[in-house]
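The exercises below are meant to be worked through with the sequence and the model side by side. Each task is followed by a solution that goes step by step.

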Amino acid sequence: MTDPKETLDELLRREGRLVLATLTRLTGDLTLAEDAVQDASISALETWPRAGIPPNPRAWLILAAKRRAVDLLRRERSRWVKEKEATMVAIQMAPDDIPPDVVRDDQLRLIFTCCHPALAQEAQVALSLRVLCGLTIAEVARALLVSEQTMAKRLTRARSKIADAGIPYRVPDAEELPDRMSAVATTVYLLFTAGYASQSSGAHERRALADEAVRLGRLLVGLMPDEAVLMGLLSTMLIHHSRRDARLDSAGDIVLLADQDRSRWDRAMAMEGVDLAAEAIRRSADRPERFAVTAAIAACHALAEDASDTDWDAIVAWYDVLAQLDPNPIVRLNRAAARAERGETLQALEDVEALRGLDDYFWFHATRAELLTRLGRADEAAVAASRAKALTESEAQQRLLQRRHLEGG
Amino acid sequence: MPKYIALIYTADVDWTEPAFAEENAKYLEFGQESAEVIRGGAALYPTSTATTVRVTGGKGGEVLLSDGPYAETKEALTGFYLLECENLDEALRHAAKIPAAWNGFVEVRPTIPALT
């Protein structure tokens with residue numbers, strides 16, 4: 001905060017996100033709105049350090065972006081004259097000082113557009129980072145481990161689909177809203193897990209990704225405060241994120257939940273998550289909500305003073321609920337791991353071996369290796385561990401196996 | 001308002017067979033329910049009636065005809081509707097009511113206004 005330049009950048013990023021949502025509504029064109037807002041931000045960076053930050057930075061940015069949008073429209077040849085003129089007039093007539101409830105609705109509309117199910121999941125994640133979080137294309141590319149060129153193409157393709165196919169900027173009707181809200185939650189959660197997927201390269205950017213996902217989660221709960229799915233999403237992310245400093249040791253190796261130094265958990269963040277989990281469960285008591293249940297599981301861990309205090313009965317019960325809502329075999333893999341912690345190692349192994357479709361999944365083999373080791377079946381454990389090892393490029397995951405099963409092997 | 005085409009893909013059936021009377025009635029029902037946005041459409045004879053036309057060497061070149069559709073696929077194009085809707089959401093809402101959506105699938109594509 002001592003660096004005034006950084007404060008200005010932060011201010012511009014924060015306001016830029018809001019202004020972009022409003023300009024998108026006014027122009028009906030995401031690409032045009034992005035160009036206009038980017039140019040407005042550049043002129044702010046040039047003007048503000050000299051002239052001082054204006055009393056209402058948002059209105060300043062909206063005015064500058066509106067002027068720029070009209071300029072850009074005037075130059076564009078491909079549009080029909082009538083439509084163009086109508087849009088230009090609408091932009092010019094719009095006020096610069098937007099009331100908070102309109103700002104809120106503009107943001108919601110843009111969120112639902114970026115997470116529209118007609119867009120591929122990877123396009124939704126990329127668009128969310130670029131448009132909703134305000135990351136640069138280079139930052140999005142680094143965070144999602146693709147080249148800048150690939151990312152630029154992916155984003156262009158997504159914007160073209162929005163424009164050409166007529167994906168609307170609107171908040172879905174009441175009848176569609178629950179499904180669409182789940183789709184938004186899933187996209188934000190994917191963004192969050194992408195932040196944790198790899199520890200080796202770009203660790204810094206990926207952690208920033210998790211921070212952005214949490215920020216989006218907070219925004220969503222702020223915009224739609226009564227929704228169990230969004231509370232559950234934010235709660236799940238907060239509790240996982242509260243362990244960020246305990247997940248890796250000083251050598252960058254993975255520390256499993258049971259072995260983490262819980263004094264390094266961010267208690268305040270975890271407890272905020274626990275409160276939200278309780279509220280999410282309360283609000284979805286009659287109809288369980290996937291993210292409320294994942295939040296409940298995370299909360300069980302957060303509430304345990306140390307690993308041996310964990311309420312594994314509760315966790316197994318929540319996994320049973322989750323398995324009903326989500327047929328993904330990974331849920332049942334995690335349930336089996338929880339059973340093992342309850343002392344039912346052999347039953348857990350049987351559960352794991354009954355699972356189908358996880359043969360290419362690192363944690364499937366890693367879990368088997370762990371259970372076999374605990375049962376004293378070292379040879380079989382070594383085979384499972386080497387299967388797991390072949391499935392991961394993450395050095396941290398490979399070292400984890402080494403430590404636990406392949407000592408000296 | 002933008003126009004969308006809803007391409008109907010189902011098993012390669014002959015809609016004129018009596019066995020499809022009930023199914024055809026469902027399409028008629030859809031036609032009535034969504035009359036407001038339907039601007040055109042047709043049911044197609046099976047792909048065995050299709051003829052693929054290609055001209056080699058540019059306009060006026062040799063016309064090559066072949067029997068059947070260009071590509072054989074499990075699901076065949078067996079009909080279409082032209083829908084005029086406010087936006088993609090509205091088009092998808094109507095498309096989800098076309099019987100092919102549960103007896104095959106429906107591909108919704110925006111049309112290019114300047115070229116129609």
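**Exercise 1. Describe the order of elements in chain B and the space that its C-alpha atoms fill.**

Reading from the N terminus on, the elements of chain B follow the order β-α-β-β-β-β-α-α-β. Counted by type, chain B has three helices and six strands. Taken along the principal axes, the C-alpha atoms of chain B fill a box of roughly 45 × 40 × 20 Å. Note that this is a predicted model, so every value here is computed from predicted coordinates.

**Exercise 2. Work out the secondary structure of chain A, and decide how its radius of gyration stands against the globule rule.**

Begin with the elements: chain A comes to 19 helices and zero strands. Next, set the radius of gyration of chain A, 24 Å, beside the 22 Å that the globule rule gives for 409 residues; the two values are close, so chain A is as compact as a globular protein of that length. The box that the C-alpha atoms of chain A fill, taken along the principal axes, is roughly 75 × 45 × 40 Å. Finally, turn to the domain assignment, which gives domain 1 (1–98), domain 2 (100–205), domain 3 (226–326) and domain 4 (346–409) of chain A. Taken over C-alpha atoms, the centres of domain 3 of chain A and domain 4 of chain A are separated by 24 Å.

**Exercise 3. Determine how helix α5 of chain A lies against helix α6 of chain A, and classify the residues of the contact.**

The axes of α5(A), residues 100–114, and α6(A), residues 121–132, come within 9 Å and cross at roughly 150°. Because angles over 145 degrees count as roughly antiparallel, α5(A) is roughly antiparallel to α6(A). On the side of α5(A), the contact is made by Leu110(A), Ile111(A) and Cys114(A), while α6(A) brings Gln124(A), Leu127(A), Ser128(A), Val131(A) and Leu132(A). Sorted by class, the residues of this contact of α5(A) with α6(A) are six nonpolar, two polar and no charged.

**Exercise 4. Characterise the two contacts that helix α17 of chain A makes with α15 and α18 of chain A.**

Take α18(A) to start with. The axes of α17(A), residues 362–374, and α18(A), residues 378–390, come within 8 Å and cross at roughly 165°; α17(A) and α18(A) are therefore roughly antiparallel to each other, and their crossing is left-handed. The residues of α17(A) in this contact include Phe362(A), His365(A) and Arg368(A), and those of α18(A) include Glu380(A), Ala384(A) and Arg387(A). By class, the contact of α17(A) with α18(A) divides into nine nonpolar, two polar and three charged residues.

Now take α15(A), residues 329–341, which packs with α17(A) at an angle of about 20°, with the axes 11 Å apart. That angle makes α15(A) roughly parallel to α17(A), and the crossing of α15(A) and α17(A) is left-handed. Here Leu333(A), Ala337(A) and Ala340(A) in α15(A) meet Trp363(A), Phe364(A), Thr367(A) and Leu371(A) in α17(A). The contact of α15(A) with α17(A) has six nonpolar, one polar and no charged residues.

**Exercise 5. State how many residues each chain gives to the contact of chain B with chain A, and classify those of chain B.**

Chain B gives five residues to the contact, and chain A gives six residues. On the side of chain B that touches chain A, the residues divide into three nonpolar, one polar and one charged.

Key:
Residues numbered from 1 in each chain as written. Chains lettered and ligands numbered in written order. Predicted model: local features only at pLDDT ≥ 70, side-chain atom pairs only at ≥ 80, totals over all residues. Axes fitted to C-alpha atoms, helices over the stretch in contact; angles between N-to-C directions. Helix = DSSP H or I, 4+ residues; strand = E, 2+ residues; numbered from the N terminus. Parallel < 35°, antiparallel > 145°, perpendicular 65-115°, else oblique. Contact = placed C-beta atoms within 7 Å. Nonpolar A, V, L, I, M, F, W, Y, C, P; charged D, E, K, R; others polar. Domains from an automatic or database assignment. Left-handed = near helix turned anticlockwise from the far one by under 90°. Rg over C-alpha atoms; globule rule 2.2 N^0.38 Å.
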